[in-house]
Amino acid sequence: MAERIGLVVAGAGARGAFEAGAMATLAKRMAADNTPPSILVGTSAGALNVVGLGGYFDLGLSAAAGEVVHQWGSLTLDDVFEPVSSIVGSGLRYLGQLAGMPVRLPSLLDTERLRTTLLEQLPWGRLHENIREGTIDAVAVTATSVATRGTVVFVEKNCSVKLPPYDPRRNITYVETTLGVEHVLASSAVPGLFHPVQVKEPQRWSGWYVDGGLLLNTPLKPAIAFDVNRLGVVATHPSTWPTGLPSEQLTHTGKPDVFGAAALSLRAMLADRMIEDLRAIERRNKRAHPYPDKPYRIDFTFAGPSLDRAGEIAALADEVFREQFACLRGAQNPSLWALARLIGGEAADRGDLLSFLFFDPAFTEAAAELGRAVELVESG
């Protein structure tokens, strides 16, 4: 079969800036090897990244990745949500609900501002044109259907690309559409934290959706369903689990409080399925054979932190906040200061949680540079 290359970008919140930097490093390798991806699949922040990359793809792979990095450097917390008014409003709604008033609490934070930001900053027109003209074959974003509890992959594709069939083993459905802001918002709608999103197009799949990362944060399986031979994988967590005894670990060794438990839940949700799927690809490769009735080999390049550098993003978030916004300096950005004050736990957990919501150039620019410094790891 003809070689087809895919790029998968995981969900990561504000850590998407790190991913953009790692994506730029991976793009340089792919450009040098003349192996640009033609299938782009992302979840949550990864959805923002692949839509941006697909929109700028006509500039060339490296230049397109550079544009995505630049966009992250201009993003602020106020472009996503305003924490004080969101929390006050949520509190009032909850009190009204307790009092028996006909109100409901859809989420803790109101991300309506993010809709405007995505409409203005993502290159939607260029994305549609690049796909239509075949500059890029397909761009896909994942979301979780509230009604079916399954993953829905919204795909905008060139007419030459075949839409994958329903995957009954993982409850993954592929839906062709023209991608719009509602699909990216749905892919990013962290349950409980951000509003669920009503997707209206295509009409047959209209309904309420939440974050695709709930079931499939690193969408390797959808990329493979497009018959790719090679994959680039961008994530903010290592591709392996920690090794050794609990007493031998350097972080997360104390008794977890509610914030530590939340950080643990995030790490498990965002990383564990990715590691399992990468191991499944490696097992598949061991069975690979040139005959048609055997699976073909899928080589991948992983662009993410190594196990010994897994805590650097969290440490960076904690360090930048303490240097830029702690104490009286918080007056420079009271919204961010208020958000950080709501996050407790030990330093590693606090930095972990903060790094997902730290939408400020002080962090995103530094995170992108940290991402650029990743060592690319080839599959065995």
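Trainee: In strand 8, which residue is the bridge partner of V9?

Mentor: In this predicted model, the bridge partner of V9 is V234 in strand 8.

Trainee: What makes strand 1 and strand 8 a pair?

Mentor: Pairing takes at least two bridges between two strands. Strand 1 (residues 5–9) and strand 8 are joined by 5 bridges, so they count as paired, and they run parallel. Strand 8 also pairs with strand 9 (residues 299–303), again in the parallel sense and over 5 bridges. There, V233 stands opposite F302 in strand 9.

Trainee: Why is strand 8 called mostly covered?

Mentor: Buried means under 20% relative accessible area. Of the 5 residues in strand 8 (residues 230–234), 4 are buried, so "mostly covered" is a fair label.

Trainee: How do you know how helix 3 and helix 14 are oriented to each other?

Mentor: Look at the angle: the axes of helix 3 (residues 61–73) and helix 14 (residues 361–372) cross at roughly 150 degrees and come within 8 Å. Angles over 145 count as roughly antiparallel, and the two helices are therefore roughly antiparallel.

Trainee: Which residues of helix 3 meet helix 14?

Mentor: V69, W72 and G73 do, and their counterparts in helix 14 are P361, T364, E365, A368 and R372. By class, that contact has 4 nonpolar, 2 polar and 2 charged residues.

Trainee: And how many residues are in the largest nonpolar core?

Mentor: It has 71, and V51, L53, V139, F154 and F363 have the most contacts inside it. Helix 1 (residues 16–32) gives the largest share, 9 residues. L53 touches, among others farther than four places away in sequence, L7, M23 and L40.

Note on methods:
Residues numbered from 1 in each chain as written. Predicted model: local features only at pLDDT ≥ 70, side-chain atom pairs only at ≥ 80, totals over all residues. Heavy atoms only, no water. Axes fitted to C-alpha atoms, helices over the stretch in contact; angles between N-to-C directions. Parallel < 35°, antiparallel > 145°, perpendicular 65-115°, else oblique. Contact = heavy atoms within 4.5 Å. Nonpolar A, V, L, I, M, F, W, Y, C, P; charged D, E, K, R; others polar. Core = buried A, V, L, I, M, F, W, Y, C linked by side-chain atoms within 4.5 Å. Buried < 20%, exposed > 50% of the residue type's maximum accessible area, 1.4 Å probe, protein only.
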